[in-house]
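Notebook open, coffee poured. I want to go through the empty spaces first and the charged side chains after that.

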Amino acid sequence: MEKILCLRNKYWVLRHGKSIPNEKGLIVSSMENGIKEEYQLADEGVGQAKLAGELFLKELKERNIPLESVRICYSPFARTSHTAQVVASVLNLPFEGPQCKMMGDLRERYFGPSFELFSHDKYPEIWALDEKDPFMRPEGGESVYDVATRLASALAIIESEFQGCAVLIVSHGDPLQILQTVLNATKQNTGSSSNDLASIIQAVKVPSVLSQHRKFALVTGELRPVE
């Protein structure tokens, strides 16, 4: 029997606005570096975050979703927390209040010491590896499977804590690609006999699915509903 993933909340994903690392062409993927203020949003990224907040507000109004139902869950990196803070300001929500939640599992994918603080030009090496084997880790870094696993944990926490909410997930390029890939695959999966969220997601964390995550790429500051 087909089992369809039924989520308790509506979801949107938002890739952080253009950051200082983006401007410098640097890969900043470790928690140690990612939380540094010197790697927060560039001026252009602040503008992108503001526009994303305005677009999100418009979509909420179109769907008759009250602001009281909004939850913003964000990565602890400087560029994502900065983005979430700008969006919260647009929505007139207190960033330190209960509607905004920092989640470590939404952090950037760690690409490992061979890539950390090196040029963005090295990304194609990682994505080529992902396409070949999404279970293989870059040396010292995280595989696509690793990221999918922690994102599933984050989603389970959100689903357990909130019900009937409009949840905005503010994260990074690779994690958001991977999250969308997994959620899209659950809609088409007939292999799980369980209604359990973790079991349904586990059933689609296979190479043929995870290797395709680049198809769900987002540009900086892009807001996208997860339908």
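A cavity here is a set of grid points where a 1.4 Å probe fits but cannot get out, and a residue lines a cavity if it has an atom within 4 Å of a point. I keep in mind that this is a predicted model.

**Entry 1: the cavity**

I looked up how many cavities of 30 Å³ or more there are, and the count comes to one. The largest cavity holds about 30 Å³ of space. Which residues line the largest cavity? I noted down Ala148, Leu151, Ala152, Ile178, Leu179, Val182 and Ile201. Helix H6 (144-161) and H7 are the elements that give two or more residues to that lining.

**Entry 2: the pocket**

Next I checked the open spaces. The largest pocket comes out at about 300 Å³. It has 22 lining residues, and the closest to its centre are Arg15, Asn22, Tyr123, Trp127 and Gly173. I then sorted the lining by element: helix H1 (20-24), H5 and helix H7 (173-188) each supply at least two residues. H7 gives the largest share, three residues. So H7 turns up twice in my notes, in the lining of the cavity and in that of the pocket.

**Entry 3: salt bridges**

Side chains of opposite charge can pair when their charged atoms come close. I found 13 salt bridges in the structure, and I wrote up a few.

Arg109 and Asp130 meet in one, at 2.8 Å from N to O. What does this pair tie together? Arg109 lies in the loop between S3 and H5 and Asp130 in helix H5, so the pair links parts that are 21 residues apart in sequence. Are these two buried or exposed? Arg109 is buried, and Asp130 is as well.

Arg107 pairs with Asp105, with the closest N and O atoms 3.5 Å apart. Arg107 has a relative accessible area of 24%, so I put it down as partly exposed. Asp105, at 25%, is partly exposed too. Following the links on, I got a network of salt bridges that takes in Asp105, Arg107, Glu142 and Arg150.

I also logged Glu222 with Arg224, a salt bridge of 2.9 Å from N to O. Glu222 has 22% relative accessibility and therefore counts as partly exposed.

**Entry 4: Glu116**

Glu116 caught my eye as a charged residue that is buried yet has no salt bridge. How far away is the nearest side chain of opposite charge? That side chain is Arg79, 7.6 Å away, and a salt bridge needs the nitrogen and the carboxyl oxygen within 4 Å. What I did find for Glu116 is a polar contact of 3.0 Å between its side chain and that of Ser30. Glu116 sits in the loop between strand S3 (100-102) and helix H5 (123-132). With residues up to four places away in sequence left out, Glu116 touches Ile27, Val28, Ser29, Ser30, Asn33 and Tyr110.

**Entry 5: Glu59**

Last one for today. Glu59 belongs to helix H3 (residues 43-62). Its relative accessibility is 15%, and buried means under 20%, so Glu59 counts as buried. What does Glu59 contact beyond its neighbours within four places in sequence? I listed Trp12, Leu223 and Pro225. Pro225 is 166 residues from Glu59 along the chain, with 9.4 Å between their C-alpha atoms.

Key. Residues are numbered from 1 along each chain as its sequence is written. This is a predicted model: local features need pLDDT of at least 70, side-chain atom pairs count only at pLDDT 80 or more; totals for chains, interfaces and linings use all residues. Side-chain values use heavy atoms; hydrogens and water are left out. Helices (H or I, at least four residues) and strands (E, at least two) are DSSP runs, numbered from the N terminus. Buried means under 20% relative accessible area, exposed over 50%, partly exposed in between (1.4 Å probe, protein chains only). Lys and Arg count as positive and Asp and Glu as negative; His and the chain ends are not counted. A polar contact is a pair of N or O atoms within 3.5 Å; within protein, one must be able to donate a hydrogen and the other to accept it, and residues adjacent in sequence count only if both atoms are side-chain atoms. Contact means heavy atoms within 4.5 Å. On a 1 Å grid over the protein atoms alone, a cavity is a set of points where a 1.4 Å probe fits but cannot get out, and a pocket is an open set with protein on both sides within 12 Å along at least five of seven lines; lining residues have an atom within 4 Å of a point. Grid points are joined across faces, edges and corners, and a volume is the space filled by probe spheres set on the points.
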